[in-house]
Amino acid sequence: MSQIEESVEVAAPLSAVYNQWTQFEEYPRFMSGVERIEQRTPTLTHWVTQVDGVRREFDAEVTEQIPDERVAWTTVGGDVRQAGVVTFHRISDDRTKVMLQLEHEPHGHRAGRRQARLRPATGRGRPGTVQEFHREARHGDRRLARPGLTPAWAP
């Protein structure tokens with residue numbers, strides 16, 4: 001089992017950062033290796049990734065979502081097994097800390113397991129994910145500041 005933990009501070013209000021993170025279908029804009037994400041139900045997404053020439057498809061289900069606090073998920077189909085949580089912490093009115101914890105178990109043939117240990121198959125799980133989000137947030141301040149952006153799903 002591979003474990004990844006990352007964190008980053010984003011110069012934006014907590015709600016704006018949280019709402020941007022939950023726009024799952026926009027991940028391919030800033031996460032390398034993520035080709036496409038389809039929101040199939042309020043809690044189910046279908047992912048298509050390609051990392052180091054290996055294409056994978058799988059579904060991920062949001063298992064817990066507390067607005068402005070956390071989003072947890074687990075894969076439910078396909079050739080990737082992982083579970084993770086992202087938490088959001090208010091530092092100040094205009095700064096937010098984003099923390100990612102992920103457990104990833106490679107699945108498939110031996111070469112796939114070796115590759116997955118080096119770099120998990122999803123953009124949401126490989127090292128640098130929150131830094132990629134931070135770059136998007138930093139360069140996309142207009143998106144984070146736009147009024148009316150709401151979470152993709154809320155209980």
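**Salt bridges, sheet, rings and core**

Tutor: Arg-90 and Asp-93 form a salt bridge, in which the closest N and O atoms are 2.3 Å apart. The model under discussion is predicted.

Student: Why is the pair of Arg-90 and Asp-93 called a salt bridge?

Tutor: The name requires a side-chain nitrogen of Lys or Arg within 4 Å of a carboxyl oxygen of Asp or Glu. The closest N and O atoms of Arg-90 and Asp-93 are 2.3 Å apart, so the pair meets this rule. Arg-90 and Asp-93 are both exposed.

Student: How many salt bridges does this rule give?

Tutor: The count comes to nine. Among them is the one between Glu-64 and Arg-70, with the closest N and O atoms 3.0 Å apart. Another joins Arg-55 to Glu-35, where the corresponding distance is 2.7 Å. This second pair links distant parts of the chain, since Arg-55 lies in strand 4 and Glu-35 in strand 2, 20 residues apart. In addition, a network of salt bridges links Arg-36, Glu-38, Arg-40 and Asp-59.

Student: What makes Arg-55 partly exposed?

Tutor: Buried means under 20% relative accessible area and exposed means over 50%, with partly exposed in between. Arg-55 has a relative accessible area of 45%, so Arg-55 falls in between. Its partner Glu-35, at 39%, is partly exposed as well. The values for the other pair lead to the same term: Glu-64 is partly exposed at 31%, and Arg-70 is partly exposed at 26%.

Student: Which order do the strands of the sheet follow?

Tutor: The sheet is open and has seven strands in the order 1-7-6-5-4-3-2, with antiparallel pairing. Strand 1 (2-10) and strand 2 (34-39) each have a single partner strand, so they stand at the edges, and one side of each has no neighbour in the sheet. From one strand to the next, the twist averages 20°.

Student: How do you know that strand 6 and strand 7 pair?

Tutor: Pairing calls for at least two bridges between the strands. Strand 6 (residues 81-92) and strand 7 (residues 95-105) have eleven, in the antiparallel sense, so they pair. For His-89, the bridge partner in strand 7 is Lys-97. Strand 4 and strand 5 also pair in the antiparallel sense, over eight bridges, and Gln-65 stands opposite Val-71 in strand 5. These two strands form a hairpin with three residues between them, and Asp-68 in the turn has a positive phi of about 65°. Strand 5 and strand 6 pair over five bridges and form a hairpin with two residues between them.

Student: What makes helix 1 mostly covered?

Tutor: Seven of the eight residues of helix 1 (residues 14-21) are buried. They include Leu-14, Tyr-18 and Trp-21. Helix 1 lies across strand 1, strand 4 (54-66), strand 5 (70-78), strand 6 and strand 7, and runs at about 160° to strand 6.

Student: Why is the pair of Phe-24 and Tyr-27 called edge-to-face?

Tutor: Rings pair if their centres lie within 6.5 Å, and planes over 60 degrees apart count as edge-to-face. The rings of Phe-24 and Tyr-27 have centres 5.7 Å apart and planes at 75°, so the pair is edge-to-face. The pair of Tyr-27 and Trp-47 is edge-to-face too, because the centres are 5.8 Å apart and the planes stand at 70°. Tyr-27 is in the loop between helix 1 and strand 2, whereas Trp-47 is in strand 3 (residues 44-51). A search of the whole structure finds seven aromatic pairs, and ring pairs link Tyr-18, Trp-21, Phe-24, Tyr-27, Phe-30, Trp-47, Phe-58 and Phe-88 into a cluster.

Student: Is Tyr-27 buried or exposed?

Tutor: Tyr-27 has 0% relative accessibility, which lies under 20%, so Tyr-27 counts as buried. Trp-47, at 1%, counts as buried by the same reasoning.

Student: Which residues of the largest nonpolar core touch the most other members?

Tutor: They are Trp-21, Tyr-27, Trp-47, Val-86, Phe-88 and Val-98, out of 26 residues in this core. Helix 1 supplies the largest share of the core, four residues.

Definitions and conventions: Residues numbered from 1 in each chain as written. Predicted model: local features only at pLDDT ≥ 70, side-chain atom pairs only at ≥ 80, totals over all residues. Heavy atoms only, no water. Buried < 20%, exposed > 50% of the residue type's maximum accessible area, 1.4 Å probe, protein only. Axes fitted to C-alpha atoms, helices over the stretch in contact; angles between N-to-C directions. Contact = heavy atoms within 4.5 Å. Phe/Tyr/Trp six-rings, centres within 6.5 Å; stacked < 30°, edge-to-face > 60°. Core = buried A, V, L, I, M, F, W, Y, C linked by side-chain atoms within 4.5 Å.
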